[in-house]
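User: Hi! I'm new to reading protein models. Could you walk me through this one?
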Amino acid sequence: MMHSSRLTRRSVIKGGLGLALATTALTTLGLPMPARAAGKKVIIGAFADGGLTPFKQKIIPLAKEQGFDIEFLEDEYGVTLEKWFADAQSGAGQYDLYLLDDPWVPQFGAANVLEDLGAGGIDGTDKDWIGSMIDMGYWPPQKGPRVKGFEDAKPTLICVPFVGDLQTLTYRNDVFTDGAPKTWDDVIAKGKEGVAAGKIKYPVVFRGVSGNPIVTSWYPVFLSFGGSFFDDKWNPIFNSAEGKASADFFVGTMKQNAPSGVVEFDSDQEGAAILGGDAGAIIQYSGNALKADDPAQTKVAGKLDFGVVPKQQSAIAQMGIFIAGVPKSAPNKANSIEFLKWYVSAETQAKLSEAGSIPVKRSAFGIAKPGNRLIPVALQQLDAGALPRPRTPDWAKVEELLGIELNKALQAGSGGGAALDTAAKQVKDYLTTAGYY
Amino acid sequence: MQRAARARKYRLQGAGLDLALPYLMLAPGLTIVLGVLVYPLWDGLRASTRAYRYGSPVADVGFQNYVHLWSDGQFLNSLWVTVKFVALSVSFEAVLGFALALFCLREFQGIRLLRTVLIIPMVITPVVVAIVFRLIYASDAGMLTALSEAMGGGEAQILGNPLNAFIGLVVLDVWEWTPLMFLILLAGLQSLPHEPFEAARVDGAGAWRVFADLTFPMMRPVLAVAIVLRTIDAFGTFDQVFVLTRGGPGEATRLVSIYGYDTAFKFQQTGYAAALFVTIGLVVLALAFSAIRLLRRVDAS
């Protein structure tokens with residue numbers, strides 16, 4: 001009987017294997033099952049931005065009433081593009097809906113990782129859409145130049161506008177007492193008077209961090225000076241005389257009239273400067289503008305008004321809408337498309353407008369009581385002129401190259417025109433390597 | 001006959017098991033190594049020889065990505081910034097770490113608490129360290145600005161000035177990683193034999209002579225290992241820069257890790273980024289081998 005109780009290699013291996021199998025089985029069976037969703041699950045990925053506050057506070061509860069179970073996952077702006085692109089491309093299926101920044105649409109479109117929402121039943125031809133906004137949802141673009149490989153492709157609706165954000169002017173009404181300044185010269189001249197009177201510390205504030213932040217701040221100045229970015233063959237032409245004049249004005253005059261540390265300013269610092277009462281005027285998206293009447297978020301509640309961006313030649317702003325795309329790997333694809341159909345309906349858009357967010361349907365701008373003073377001004381800006389950034393999948397790199405050179409010129413306080421020449425050469429070289437010509 | 005055959009079978013099985021057992025034992029570890037080390041390395045090497053468009057491979061380009069690196073001004077700049085950053089940071093950390101280790105070698109009241117306090121920066125998450133330093137450096141609401149204004153000065157311009165931002169990054173790294181040097185060197189000092197030091201004391205050698213003729217030469221291998229380890233680690237610095245400056249202003253603090261990250265994930269040039277990281281890996285490997293060879297030569301002489 002002795003041998004039967006002996007510990008042998010065989011028994012150890014058998015026992016070990018048995019134990020491993022048993023543990024695996026128990027662990028698998030014992031895993032807590034995900035709770036049954038309270039409704040139609042939709043996992044939304046978004047970057048943290050004040051422009052989405054009305055959606056989070058007022059529309060998500062409404063969606064729940066409609067039977068949607070919304071999971072809202074937020075990340076910092078600087079990491080979302082790469083995170084979502086990796087998710088979409090690897091088919092990881094972590095999200096049902098991305099709330100993209102509109103310049104990212106071409107990258108996702110070229111990689112063919114988003115669902116065809118037109119085929120899903122969303123009508124891109126509805127006349128109620130703001131035309132320039134729904135255009136941004138198509139890849140390849142319906143209008144304008146197309147990158148190589150997509151010249152003959154049929155435009156497909158891969159994204160739908162979600163929040164109609166665009167740049168407008170926010171200004172101090174106790175400094176600019178005649179209403180919104182019409183030109184950049186007015187902004188500076190009246191702003192200086194405000195500084196002299198001790199009402200503000202700086203006439204303007206903007207973002208100076210290289211890359212997306214500085215390009216976002218410079219772009220409306222560039223457009224207002226009459227600049228164009230690319231020609232129809234994707235040759236950079238932003239270093240035209242108009243472009244150079246705008247860059248020189250931006251890194252020279254505007255810097256001299258902004259906080260001394262503006263080179264390192266991003267949206268949080270520029271927001272603090274305008275909401276804290278230090279700056280006289282700012283071109284900004286809705287994120288901080290929506291806080292202008294809330295005494296808990298600004299020291300100058302009641303002193304901030306909105307207007308169309310100043311002009312040199314024309315008053316054109318940069319569009320920067322939140323735009324929704326459904327990844328092909330979305331685990332709850334049907335729910336997301338159903339949610340989008342409900343969300344972009346004229347009724348829900350009216351609710352969005354009432355909640356204080358900029359809608360994407362024209363009818364919602366006309367409601368009796370929009371939830372924020374910014375909304376009618378946004379419509380004025382749309383009518384005055386608002387342009388999207390160029391529709392290329394390589395915009396992130398172009399913006400990076402340009403942003404670095406602009407940032408260097410901003411540090412120096414001069415040489416904006418030369419910075420554009422350098423950036424134009426770098427962009428041309430890069431796009432040549434990428435096979436654009 | 002039947003019993004004999006059964007016995008032979010068992011023996012054969014036993015012998016087979018003897019033969020297979022080491023491999024069976026090795027299999028789980030080997031699978032993990034293949035899965036998490038060898039395959040990714042192979043995949044990275046393969047990616048580095050391909051051109052990518054919109055996140056997908058479109059062509060085999062051989063060593064073109066590697067060749068292109070050396071004419072890419074942005075890469076060369078980031079490499080230069082990285083070399084400066086590593087050289088400065090590791091030098092300061094080695095000197096400070098050694099000095100602190102020598103100081104903390106002595107036994108006095110409160111020394112245990114002091115040793116514990118000194119290693120705190122090292123155990124804080126790098127992202128948190130970067131956020132704290134951002135709050136110190138910010139020109140509009142930072143601690144340095146508050147200090148400067150309290151003394152009648154203006155706003156402290158750290159992150160908006162290329163040189164200051166670079167120095168600020170080095171200071172952050174020195175603050176965070178000197179404790180690692182300190183810890184390694186203190187362990188080294190504590191393991192040195194007592195006899196030579198006692199003999200030197202009996203012979204009347206001064207503190208400097210003891211340090212120059214005994215402590216430093218005996219500590220050289222430990223110091224070299226600490227410097228090599230820290231150098232390799234510093235080449236991979238990412239989190240702090242990502243949070244503190246994102247490589248700016250301009251390109252003043254753009255280390256190769258940041259440039260590589262942007263290239264791979266933001267600009268979707270996966271193949272080019274793979275070539276960049278393979279190149280940096282080889283550079284670091286070459287540095288490590290050189291340091292070890294140098295150490296051996298010094299020991300031999």
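User: Into which domains is chain B divided?

Analyst: Happy to help! Keep in mind that this is a predicted model. Chain B has domain 1, covering 2-47, and domain 2, covering 67-300. Taken over C-alpha atoms, the centres of domain 1 of chain B and domain 2 of chain B are 43 Å apart.

User: What makes chain B more spread out than a compact globule?

Analyst: Let's set the value against the rule. For 301 residues the globule rule gives 19 Å, but the radius of gyration of chain B is 27 Å, which is well over that, so chain B is more spread out than a compact globule. The C-alpha trace of chain B spans about 105 × 70 × 40 Å along its principal axes. Chain B holds 13 helices and 2 strands.

User: How many of the residues in chain B are buried?

Analyst: A residue is called buried if 20 or more other C-beta atoms lie within 10 Å of its own. In chain B, 31% of the 301 residues are buried.

User: How do you know which residues make up the contact, and how many does each chain give?

Analyst: Two residues are in contact if their C-beta atoms lie within 7 Å. Chain A gives 27 residues to the contact and chain B gives 19 residues. On the side of chain A that touches chain B, α15(A) gives the most, with 7 residues.

User: What classes of residue are on that side of chain A?

Analyst: The side of chain A that touches chain B has 12 nonpolar, 8 polar and 7 charged residues.

Methods
Residues are numbered from 1 along each chain as its sequence is written. Chains are lettered from A and ligands numbered from 1 in the order in which they are written. This is a predicted model: local features need pLDDT of at least 70, side-chain atom pairs count only at pLDDT 80 or more; totals for chains, interfaces and linings use all residues. Domain bounds come from an automatic or database domain assignment. Helices (H or I, at least four residues) and strands (E, at least two) are DSSP runs, numbered from the N terminus. Ala, Val, Leu, Ile, Met, Phe, Trp, Tyr, Cys and Pro count as nonpolar, Asp, Glu, Lys and Arg as charged, and the others, Gly among them, as polar. The radius of gyration is taken over C-alpha atoms; the globule rule is 2.2 Å times the number of residues to the power 0.38. A residue is buried if 20 or more other C-beta atoms lie within 10 Å of its own, exposed if 12 or fewer, and partly exposed in between; C-beta atoms are placed from the backbone.
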